[in-house]
Amino acid sequence: GPAWRQTIFHPFKLVAQHARGSVLQTKIQSTRCETKTAGPIDHVVASAVHDAVQRKIVLFVLNRQTSGAVDLTIDLRGFPQITNCQALEIAGADLLATNTAEKPDTVQPHEHREFTIQSDTIRTPLAPLSWNLLSLSY
């Protein structure tokens, strides 16, 4: 019979492919919101790894903001100048969207090309309710 990927497949696959090297300490400044069960939470949550062999820093960033893009600024002190950024995002306003046999690609990663690189700083807008991967090469 037909088969399709569940929506959570893509983030797991991308993390498994790209999370190589040493985990970096992240310091995040984000707006917050109040939740019924968890209390106050940050809109932006991130983790990062450094792969010295591949000369890459990979960030996994979740934007929980429901309205409007979040302007993300990444400061990478202590690393050589970033020369390339490849980014993917999984985003959409419908939190109940799923992949089905009839529509197996409703939820999937898309290339994200809106970013600027200036020395050790990267800036990019994050779509609301998005999961993002940024692979930075030096």
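**Cut-offs for burial.** A residue is called buried under 20% relative accessible area, exposed over 50%, and partly exposed in between. These words are used that way in the legends below. The model shown is predicted.

**Figure 1. The chain as a whole: one helix, then strands.** The chain contains 1 helix and 11 strands. In sequence order the pattern is α-β-β-β-β-β-β-β-β-β-β-β, with the helix ahead of the strands. The radius of gyration is 16 Å, close to the 14 Å that the globule rule gives for 138 residues, so the chain is as compact as a globular protein of that length. The C-alpha trace spans about 50 × 40 × 25 Å along its principal axes.

**Figure 2. Contacts, surface and charge.** Take the contacts in the chain with a separation of 6 or more: 66% of them link residues 24 or more positions apart. Of the 138 residues, 33% are buried. The accessible surface is about 8800 Å². Carbon and sulfur atoms supply 51% of that surface. Side-chain charges number 13 positive and 12 negative. The centres of these two sets lie 6 Å apart.

**Figure 3. The β2–β3 hairpin.** Strand β2 covers residues 32-35, and strand β3 covers residues 39-42. The two strands run antiparallel and are paired by 4 bridges. A hairpin of 3 residues connects β2 to β3. To find the pairing in the view, start at T35. Its bridge partner in β3 is G39. Then look for C33, which faces I41 in β3.

**Figure 4. The β4–β5 hairpin and its turn.** Strand β4 takes in residues 44-51 and β5 takes in 56-63. These strands are antiparallel, with 8 bridges between them. One of the paired positions is A46, whose partner in β5 is V61. The hairpin leaves 4 residues between the strands. R55 sits in this loop. Its phi is positive, about 60°, although R55 is not a glycine. Most residues other than glycine have a negative phi. How accessible is R55? R55 counts as partly exposed because its relative accessibility is 40%, a value between the 20% and 50% cut-offs.

**Figure 5. Strand β5 between two partners.** Strand β5 pairs with β4 through 8 antiparallel bridges. It also pairs with β11, again antiparallel, over 8 bridges. For the β11 side, find F60 and its bridge partner L133. For the β4 side, find V61, which partners A46. Is β5 mostly covered or mostly open? Mostly covered: 6 of its 8 residues are buried.

**Figure 6. S135, a buried serine in β11.** Strand β11 runs over residues 130-137 and contains S135. The relative accessibility of S135 is 4%, so S135 counts as buried. Which residues does S135 touch, leaving aside those up to four places away in sequence? They are K56, I57, V58, N84, C85 and Q86. Strand β5 spans 56-63, and β5 is a pairing partner of β11.

**Figure 7. I117 in strand β9.** Strand β9 is made of residues 116-118 and includes I117. At 29% relative accessibility, I117 counts as partly exposed. Setting aside residues up to four places away in sequence, I117 touches I82, T83, N84, C85 and I122. N84 and C85 also appear among the contacts of S135. A19 offers a reference point elsewhere in the chain. I117 and A19 lie 98 residues apart in sequence. Their C-alpha atoms are 22 Å apart in space.

**Figure 8. S119 in the loop after β9.** The loop between β9 and β10 holds S119. Strand β10 consists of residues 121-126. What is unusual in sign about the backbone here? S119 has a positive phi of about 55°, although it is not a glycine. Most residues other than glycine have a negative phi. Is S119 buried, exposed or partly exposed? Its relative accessibility is 43%, so S119 counts as partly exposed.

How values were computed
Residues are numbered from 1 along each chain as its sequence is written. This is a predicted model: local features need pLDDT of at least 70, side-chain atom pairs count only at pLDDT 80 or more; totals for chains, interfaces and linings use all residues. Side-chain values use heavy atoms; hydrogens and water are left out. The radius of gyration is taken over C-alpha atoms; the globule rule is 2.2 Å times the number of residues to the power 0.38. Buried means under 20% relative accessible area, exposed over 50%, partly exposed in between (1.4 Å probe, protein chains only). Contact means heavy atoms within 4.5 Å. Accessible areas come from the Shrake-Rupley method with a 1.4 Å probe; for residues, only the protein chains shown count as cover. Lys and Arg count as positive and Asp and Glu as negative; His and the chain ends are not counted. The place of a charge is taken as NZ of Lys, CZ of Arg, CG of Asp or CD of Glu. Two strands pair if DSSP finds at least two bridges between them.
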